[in-house]
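Q: Please take a close look at a single strand of this protein and at the parts that surround it. A connected account in formal terms would be welcome.

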Amino acid sequence: MITDNFYKDKKVVVTGGSGFVGTHYIQELLSRGAIVKTHTHNKPLQIQDDRLEVVEDVNLKSLDYCNWLINGADYVIHSAGDIANPKKVPTDFQIALNQITLITNVLEASYKCGVKGFLDINSSTGYPDRRYPITEDEYWDDEPYISYYGYGWMRRYREKVMEHASHLSDMKIAIARGTAMFGPYDNFDLETCHVVPALIKRVLSGEDPFVVWGSPDVVRDFLYIKDVVRGALLILEKGRNMKKKEKDPVREFQKQAVDQRVCLFYVADKVKGILECKTEAQLRNKLEEFKDECVHNIGINALIERYEY
């Protein structure tokens with residue numbers, strides 16, 4: 001069982017509280033009795049709760065703003081940063097600059113403010129190209145896949161910045177490496193969203209013929225956001241690493257399209273992503289307190305209900 005009382009009455013700052021991941025962190029922490037503080041910047045929060053302290057219009061590119069936001073916190077959970085559509089990742093230099101600037105400022109402010117613990121969800125794009133379920137300790141064995149090369153190295157550098165911060169104080173730093181996530185409050189903008197919300201929007205919009213960019217033999221791991229958040233919070237609490245594997249929902253949506261008698265066909269030359277992205281969660285499997293609560297159809301249905309709402 002997860003010890004829900006760990007976060008009770010703890011002062012927790014969540015960066016990126018307007019975003020997909022930040023929204024779920026806030027909900028989970030409030031349910032556990034934490035004293036949660038977050039901020040807005042470019043967009044409003046997606047949820048409203050009287051228990052939540054909100055600081056308006058905080059730009060994390062400013063170290064002074066970061067110090068102001070974080071001062072007095074016991075823990076900081078970092079989920080802020082620009083998002084990019086996967087098709088733009090190979091050529092988007094600014095997304096890497098934004099991510100590094102924000103995490104550097106938030107880490108420095110956390111260190112200077114005497115924060116006890118810092119949590120970050122990093123990306124599987126830093127892993128090398130392997131055609132088998134890759135383990136956590138293979139992260140640095142080779143270069144990131146060429147289509148994610150710059151972005152993947154940025155993700156690796158994030159971990160080096162966190163390692164550097166760990167040398168300066170006793171602040172506990174927790175990192176969860178995740179694959180593609182999906183769930184309620186996801187981004188449905190086709191210019192910037194990822195594959196699962198994009199497929200939901202296109203299926204429910206009645207697209208016919210239904211075109212899948214890629215080939216039917218592409219393999220991906222997906223994570224349901226509520227399981228990600230529970231697991232990541234457990235890492236910060238227990239100081240252990242984990243990862244949760246989810247059945248591939250892309251194929252489920254493709255089946256749904258077929259079930260609706262929509263013409264389905266693949267366009268293999270439209271994407272240049274890695275052929276297989278599978279991970280072997282050896283460290284996660286040692287974390288006995290963590291149990292997956294979501295199966296793929298529950299997570300997909302929750303996301304569909306949110307989109308229709």
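**Strand E5 and its surroundings**

A: In this predicted model, the side chains of Gly117, Leu119, Ile121 and Ser123 point one way from strand E5, those of Phe118, Asp120 and Asn122 point the other way, and all of these residues are buried. In a regular strand, side chains alternate between the two faces of the sheet. E5 covers residues 117-123, and seven of its seven residues are buried, which leaves the strand mostly covered. For the protein of 309 residues, the buried share is 52%.

The partners of E5 come next. Strand E4, residues 75-78, pairs with E5 in the parallel sense over four bridges. Within this pairing, Ile77 stands opposite Leu119 of E5. Between the two strands the chain passes through helix H3, residues 93-112, and the resulting β-α-β crossover is right-handed. Strand E7, residues 172-178, also runs parallel to E5 and is joined to E5 by seven bridges. Here Phe118 has Ile173 of E7 as its bridge partner.

These pairings belong to an open sheet of six strands, with the order E3-E2-E1-E4-E5-E7 and parallel pairing. Strand E3 (53-55) and E7 stand at the edges with a single partner strand each, so one side of each has no neighbour in the sheet. On average, and with direction ignored, neighbouring strands of this sheet are turned by 20 degrees against each other. At the E3 edge, strand E2 (residues 35-39) runs parallel to E3 and is joined to E3 by three bridges. Thr38 has Val54 of E3 as its bridge partner. Helix H2 packs on the sheet and touches strand E1 (11-14), E2, E3 and E4, and the direction of H2 makes about 160 degrees with that of E2.

The loop between E2 and E3 contains Asn42. With a relative accessible area of 67%, Asn42 is exposed. Asn42 and Asn59 are 17 residues apart along the chain, and their C-alpha atoms are separated by 8.7 Å.

The helix of the crossover has a partner as well. H3 packs with helix H4 (residues 149-166) at an angle of about 10 degrees, and the two axes are 10 Å apart. This angle makes H3 roughly parallel to H4. H3 contributes Ile95, Ala96, Gln99, Ile100, Ile103, Thr104 and Leu107 to the contact, while H4 contributes Tyr151, Met154, Arg155, Tyr157, Arg158, Val161, Met162 and Ala165.

A charged pair links the loops that precede E4 and E5. The side chains of Asp74 and Lys116 form a salt bridge, with an N to O distance of 4.0 Å. Asp74 lies in the loop between H2 (63-70) and E4, and Lys116 lies in the loop between H3 and E5, so the pair ties together parts that are 42 residues apart in sequence. Which of the three classes, buried, partly exposed or exposed, applies to Asp74? Asp74 has a relative accessible area of 17%, and residues under 20% count as buried, so Asp74 is buried. Lys116, in turn, has a relative accessible area of 48% and is partly exposed.

The structure holds 12 salt bridges. Among them is the pair of Arg130 and Glu138, whose side chains meet at 3.9 Å, N to O. Both Arg130 and Glu138 are buried. Another of the salt bridges is formed by the side chains of Glu237 and Lys238, at 3.9 Å, N to O. Glu237 counts as buried at 11% relative accessibility, whereas Lys238 counts as partly exposed at 34%.

As for the whole protein, the secondary structure comprises nine helices and 14 strands. Among the contacts in the protein with a separation of 6 or more, 74% are between residues 24 or more positions apart. To return to the strand requested, E5 has parallel pairings with E4 and with E7, and seven of its seven residues are buried.

How values were computed
Residues numbered from 1 in each chain as written. Predicted model: local features only at pLDDT ≥ 70, side-chain atom pairs only at ≥ 80, totals over all residues. Heavy atoms only, no water. Buried < 20%, exposed > 50% of the residue type's maximum accessible area, 1.4 Å probe, protein only. Pairing = 2+ DSSP bridges. Right-handed = clockwise from strand over helix to strand, strands pointing away. Axes fitted to C-alpha atoms, helices over the stretch in contact; angles between N-to-C directions. Parallel < 35°, antiparallel > 145°, perpendicular 65-115°, else oblique. Contact = heavy atoms within 4.5 Å.
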